[in-house]
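Dear colleague,

I am passing on to you the structure we discussed, with the sequence alongside. Below it you will find my notes on what turned up when I went through it.

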Amino acid sequence: PLEAWYMDSSDEDQRLPHKLSPNQPVSLDELKKIGVLHWKLNADMHENDPELEKIRKDQGYSFSDVITIQKETLPNYEEKLKMFFEEHLHLDDEIRYILDGQAYFDVRSVCNRWIRIAMGKGDLITLPAGIYHRFTLDQTNYTKAMRLFVGEPVWKAYNRPADDFEKRQQYVASLQCS
Ligand code: KMT
Ligand code: NI
């Protein structure tokens, strides 16, 4: 299954796992509580996969493209990686399907702690509109991901603080920090 954990607070290389010791794993159930959804698919079939088609139909994920994140092929690689790692939110769901390689998505827990989600080939994840998050490659420095979207894509990111948006307030209202 998907591996996720609460992060340590060290400033070391963002590409390192940053696990606490002892490790504090985060379950899929906990992720569900913050609106993060996950599917495991066969990425080798992504061009003709009835399972993927069903998810896309059920969820309304009409748009898709593919982004390869590695130094050799992504224009403005350093700049983009820096942007992706800035804590931000979107006004729409962020939906990513890892076709090859691996990477980390960090999301804020109900009580505002960082949760690191290790994404590998075949993992499809949806981060809800309004959740603060960030993205980094791991030490392999390579991932290829399908970006999905409901309707015409809007890639606009709002760096934290971005608490005045209605989408953010709706999202916060859906949480319960105890
Ligand atoms: C985002 O907005 O966080 C991203 O697009 C991350 C990189 S896509 C694999
Ligand atoms: Ni994002």
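**The open sheet**

In this predicted model, an open sheet is formed by five strands in the order E2-E8-E5-E10-E3, and the pairing within the sheet is antiparallel. Strand E2 (37–40) and strand E3 (63–69) stand at the edges, and since each has a single partner strand, one side of each is left without a neighbour in the sheet. From one strand to the next the twist averages 20°. Within this sheet, strand E5 (residues 94–101) and strand E8 (residues 123–127) run antiparallel and are joined by four bridges, and Glu94 has Leu127 of E8 as its bridge partner.

**Pairing around E6**

Strand E6 pairs with E7 in the antiparallel sense over six bridges, where Arg108 is matched with Trp114 of E7. E6 also pairs with E9, again in the antiparallel sense, over five bridges, and here the bridge partner of Val107 is His133 of E9. The hairpin of E6 and E7 has five residues between the strands, and Asn112 takes a positive phi near 75° in it, although Asn112 is not a glycine. Asn112 counts as exposed because it has 9 C-beta neighbours inside 10 Å.

**The nonpolar core**

The largest nonpolar core has 28 residues, of which Ile98, Phe105, Val107, Ile117, Met119 and Ile125 touch the most other members. At least two residues of this core come from each of E5, strand E6 (103–108), strand E7 (114–119), E8, strand E9 (133–137) and strand E10 (143–149). Leaving aside residues up to four places away in sequence, Ile117 touches Leu2, Ala4, Tyr104, Phe105, Val107 and Ile125.

**The ligand**

Which residues surround ligand 1? They are Ile67, Phe84, Glu94, Arg96, Phe135, Ala145 and Ala157; by class, this shell has five nonpolar and two charged residues, with no polar residue among them. Glu94, listed in the shell, is also the residue whose bridge partner in E8 is Leu127.

**Helix H2 and the loops**

Helix H2 (residues 50–59) lies largely in the open, because the number of buried residues among its 10 is one. Gly60 follows H2 and has a positive phi, near 75°. Asn76, in the loop between E3 and helix H3 (77–85), has a phi near 55°, which is a positive value in a residue other than glycine. Is Asn76 buried or exposed? Asn76 counts as exposed, because 9 C-beta neighbours lie inside 10 Å.

Several prolines may also be worth your attention as you go through the model. Ser21 and Pro22 are joined by a cis peptide bond with omega about 0°, and Pro22 is placed in the loop between strand E1 (3–6) and helix H1 (28–33). A cis peptide bond also joins Arg160 and Pro161, with omega about 5°; Pro161 lies in the loop between E11 and helix H4 (166–173). Pro153 has its place in the loop between E10 and strand E11 (158–159), and with 14 C-beta neighbours inside 10 Å it counts as partly exposed. The C-alpha atoms of Pro153 and Asp49 are separated by 22 Å, the two residues being 104 residues apart along the chain.

With best regards

Definitions and conventions. Residues numbered from 1 in each chain as written. Chains lettered and ligands numbered in written order. Predicted model: local features only at pLDDT ≥ 70, side-chain atom pairs only at ≥ 80, totals over all residues. Near = placed C-beta within 6 Å. Nonpolar A, V, L, I, M, F, W, Y, C, P; charged D, E, K, R; others polar. Pairing = 2+ DSSP bridges. Axes fitted to C-alpha atoms, helices over the stretch in contact; angles between N-to-C directions. Core = buried A, V, L, I, M, F, W, Y, C linked by C-beta atoms within 7 Å. Buried ≥ 20, exposed ≤ 12 C-beta atoms within 10 Å, placed from the backbone. Contact = placed C-beta atoms within 7 Å.
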